[in-house]
Amino acid sequence: QQLARRMLVLAGCVQPALAPRINAAAARVLDRCGISLVEAPGAGCCGALRFHLNDQERGRDDMRALIDAWWPYVERGEVEGIVMTASGCGSTVKDYGHLLAHDPAYRDKAARISAMTRDLSEVVQPVAGTGKGRVAFQSPCSLQHGQQIRGKVEALLERAGYELTPVPDAHLCCGSAGNYSILQPELSLRLRARKLAALHGGAPAAIATANIGCLAHLQGGAQVPVRHWIELLDQD
C-alpha cells in the first residue's frame, strides 16, 4: 500500500485574511493528487515583508523563526517538501540558503529548506478538461523572474480546459511589487493601469495570478474577477 504524501504549506501573512479560499483550494486539488498539506503551528512571516522595507536583520529573524517552526517536520522526515501558494513567499524561501549563508547556526538548515521548497505549479499534476472559458494569466514577477518559472501555470490551465488570452508585455510588473503599491502609489497605479489594459485586451472572463499581492492590487481596478489559478483548477 502506497503511503500518503505530505508536504508543509505556509498560510502566509496576508493571504489568510484577504483570501483564505486559496490555501483551501490548494489543499483540495493536492488531495486529489495524493498529497496532504500540513501547517506547522507558529509558522509566521517568511521574512519578505520586512525585506521589502529594507529591515533586513528583522527579516532574517522572521526566516529563522519560520525555519524553527518547520524544522521538526523536516528532521523527522515527516514531509517530502514545502509547497508555496504565494509566489512572493516562494521566491523568498527558495533564497533562504543565500540569505542565511553567513549564519553558522542556520545556514545548513536554510539551504535544506530552500532545496525542499516548490511553487504550487511545480507540484500540481495536470488534469484534462474542456470548455472552461477564457482566462488571462498574469505571471507575477516573483514567479517568472524571481523563481524563473515560466509556462507551468499556463500549461496546467490549458490542460484543464481554459483558453488563455494573449497578454502583451507579460514580463512587466503589475505595480504591486511587495510594499511598492503603498510606498509609491502614483507609479504603482500607472503600472496597474498598463497591466490591466494588457490583461483585458483579450476579453477574458477572469484574470488568474499566482501571488496574493498581485491579486489584491489588480482586483482594485479589474473589470472581471481576479482569482488565484489554483481556484480555477479547484472548480473541476
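Which residue in E6 does Gly133 stand opposite? Gly133 faces Tyr162 there, and this pair offers a handy way into the sheet. The structure is a predicted model, in which local features need pLDDT of at least 70 and side-chain atom pairs count only at pLDDT 80 or more, while totals for chains, interfaces and linings use all residues. Residues are numbered from 1 along each chain as its sequence is written, and side-chain values use heavy atoms, with hydrogens and water left out.

The protein has 13 helices and eight strands, where helices (H or I, at least four residues) and strands (E, at least two) are DSSP runs numbered from the N terminus. The radius of gyration, taken over C-alpha atoms, is 18 Å, close to the 18 Å that the globule rule gives for 236 residues, so the protein is as compact as a globular protein of that length. That rule is 2.2 Å times the number of residues to the power 0.38. Along the principal axes, the C-alpha atoms fill a box of roughly 50 × 50 × 30 Å.

Four strands form an open sheet in the order E6-E5-E7-E8, with parallel pairing; two strands pair if DSSP finds at least two bridges between them. E6 and E8 (226-228) are the edge strands, each pairing on one side only. From one strand to the next, the twist averages 40 degrees. Strand E5 (residues 133-137) is joined by three bridges to E6 (residues 162-164), and three bridges also join E5 to E7 (residues 206-209). On the E7 side, Val135 stands opposite Ala206. Helix H9 (residues 152-159) packs on the sheet, touching E5, E6 and E7, and its direction makes about 135 degrees with that of E6. Such angles run from 0 to 180 degrees between N-to-C directions, the axes being lines fitted to C-alpha atoms, for helices over the stretch in contact.

Phe137, whose bridge partner in E7 is Ala208, also belongs to the largest nonpolar core. This core has 42 residues, and Phe137 is among those with the most contacts inside it, as are Leu157 and Ile230. A nonpolar core is a set of buried Ala, Val, Leu, Ile, Met, Phe, Trp, Tyr and Cys residues joined through side-chain atoms within 4.5 Å; buried means under 20% relative accessible area, with a 1.4 Å probe and protein chains only. Helix H2 (residues 21-32) gives the most to this core, with five residues. Leaving aside residues up to four places away in sequence, Ile230 touches Ile22, Ala25, Ala26, Val29, Leu120 and Val124, contact meaning heavy atoms within 4.5 Å. A second, separate core of 26 residues includes Val38 and Cys46.

Definitions and conventions:
Buried < 20%, exposed > 50% of the residue type's maximum accessible area, 1.4 Å probe, protein only.
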